[in-house]
Number of protein chains: 2
Amino acid sequence: MADQVMEKARVPRGAERLRIDKFTARRLELAEAALETLAELGYARTSLREIAQKSDFTHGVLHYYFTDKVDLITCCVRHYKAKCVTRYDQVTATAPTRDALLEGFLLKLAETLREEAGMHRLWYDLRAQALFEDVFREDVTEIDKSLEDMVWRVASRYAELGGKEPAVSRAALYAVFDGLFQKHLLRHLSNDERAIPELLDEVRRLLPMVA
Amino acid sequence: MADQVMEKARVPRGAERLRIDKFTARRLELAEAALETLAELGYARTSLREIAQKSDFTHGVLHYYFTDKVDLITCCVRHYKAKCVTRYDQVTATAPTRDALLEGFLLKLAETLREEAGMHRLWYDLRAQALFEDVFREDVTEIDKSLEDMVWRVASRYAELGGKEPAVSRAALYAVFDGLFQKHLLRHLSNDERAIPELLDEVRRLLPMVA
DNA sequence: GGAGATTCTGGATGCCTGTTCAGGAAAGGC
DNA sequence: GCCTTTCCTGAACAGGCATCCAGAATCTCC
């Protein structure tokens, strides 16, 4: 059953279409539950049984909706991506001035670090797994690209509001923000309450320099 | 036996000292072997049996020299640090000009990416683990700090040779180099032969901007 | 060269893993 | 209401895991 989703030969209609929608909806529901467990335990320590236990289902169901563990994790990763790559777009689109954009960005950044710490440590974990397992590489590379684009949108809009252009490459821009975020995420998870303010300080100094 | 290493109350002398030295030497030997396996398989997929199989010993020995798996991995991580944290110091100390320093740094960077890819993916893996397990946090934080210092030494010497001072914070400087390295490491491991030259291009453009 | 400490072996144990599957429960169609 | 398809359960399986440990091998020292 699970492979019907892959079918591309013809576009299903009516009842069959409905059934497939239900199927993928449940897949997403399970992926969502899996993400929570993964965010809590990390890739290495998360088992299918554990995932099932934290959902409303038994572990057998996971093999009804997913061909195997990799299929599940891949689904999770893709689902995660859709949720987070537009995080700063609202701010970018509406901020009227350079300063407003900076402050809006900082606010969202702090909120992300505070409330999405689990998801982000999972992302760093999975990105590290991609260094070892080819199955993850394509998805991880694509997400990394999306995040790079996201950061670029913020910075180039910030530059635009100052009548300038970003002074560094996309890759370098993403690298520095990502690196700073990761560093302060670790500090934050180590209960260092200065992590968030100091991340904001870094970014506040940095953004005007690069854009 | 394994805990005698921890003993701090008095400084052992003579024969006892020799015995302890032998003990820690073997620990390091085993840690070295473990690092190779870890670099190949990653933290999540490395078992003690696998480590033992790639060394000259059986899995039982690992429990003679290490109290448990965490003890072993911690020992590995510390050992790893000592090896890589002075990588660029030779170049920094001897380069006569700004350009020579840049080119020497780039050369070493390319060499590292090419020949130490395994160790570095392990580092990124373990750093991600630290986001989940407190046992690793202290060591990982310390190594990160050492790497930050290492990058800072290069950049501030580079700035000095131009009669300048680095334009960004230590944290931001490390973040951007680390982020770029990680990105191109993934590309390199994905058999992208442009990974190394493009990393060098990035750094060549970046370093004069920040220092 | 022999006694005692140290080092190493490899089988045993019990737990956890992903996956399979027979069959029960629920839903859908008529 | 009944039959078929879909959905879900939980036991069973084979394999891998960290850890323990009895005893063999090796080394040390007198």
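What follows looks at two contacts in a predicted model: the protein surface near DNA strand C, then the interface of chain B and chain A.

Starting with the DNA, 18 residues surround strand C, and the closest are A:R49, A:K69, B:R26, B:H59 and B:Y65. Both chains pitch in: α2 (48–54) and α3 (59–65) of chain A, along with α1 (14–41) and α3 (59–65) of chain B, each bring at least two residues to this surface. The biggest giver is α3(B), with 5 residues. Sorted by class, the surface near the strand has 7 polar, 6 charged and 5 nonpolar residues. On the DNA side, 63% of the strand C atoms within 4 Å of the protein belong to sugar or phosphate, and the rest to bases. Phosphate oxygens of the strand pair up with several polar side-chain atoms: one is 2.9 Å from an N or O atom of B:Y64, while the distance is 3.2 Å for A:S47 and also 3.2 Å for A:H63.

As for the protein–protein contact, chain A and chain B put in 42 residues each. About 3,200 Å² is buried between them, with carbon and sulfur atoms giving 64% of that area. On the chain B side, B:L131, B:F132 and B:L186 lose the most area to chain A, together 23% of what that side buries. Polar links show up too, with 14 residue pairs in polar contact and 4 salt bridges across the interface. One of the salt bridges joins A:E133 to B:R45, with the closest N and O atoms 2.7 Å apart. Among the elements of chain B that touch chain A, α9 (170–189) gives the most, with 11 residues. That side of chain B divides into 24 nonpolar, 11 charged and 7 polar residues.

Conventions:
Residues are numbered from 1 along each chain as its sequence is written. Chains are lettered from A and ligands numbered from 1 in the order in which they are written. This is a predicted model: local features need pLDDT of at least 70, side-chain atom pairs count only at pLDDT 80 or more; totals for chains, interfaces and linings use all residues. Side-chain values use heavy atoms; hydrogens and water are left out. A residue is near a molecule or strand if one of its heavy atoms lies within 4 Å of it. A polar contact is a pair of N or O atoms within 3.5 Å; within protein, one must be able to donate a hydrogen and the other to accept it, and residues adjacent in sequence count only if both atoms are side-chain atoms. Helices (H or I, at least four residues) and strands (E, at least two) are DSSP runs, numbered from the N terminus. Ala, Val, Leu, Ile, Met, Phe, Trp, Tyr, Cys and Pro count as nonpolar, Asp, Glu, Lys and Arg as charged, and the others, Gly among them, as polar. Contact means heavy atoms within 4.5 Å. Buried area is the accessible area (1.4 Å probe) that two parts lose on being put together, summed over both. A salt bridge is a side-chain nitrogen of Lys or Arg within 4 Å of a carboxyl oxygen of Asp or Glu.
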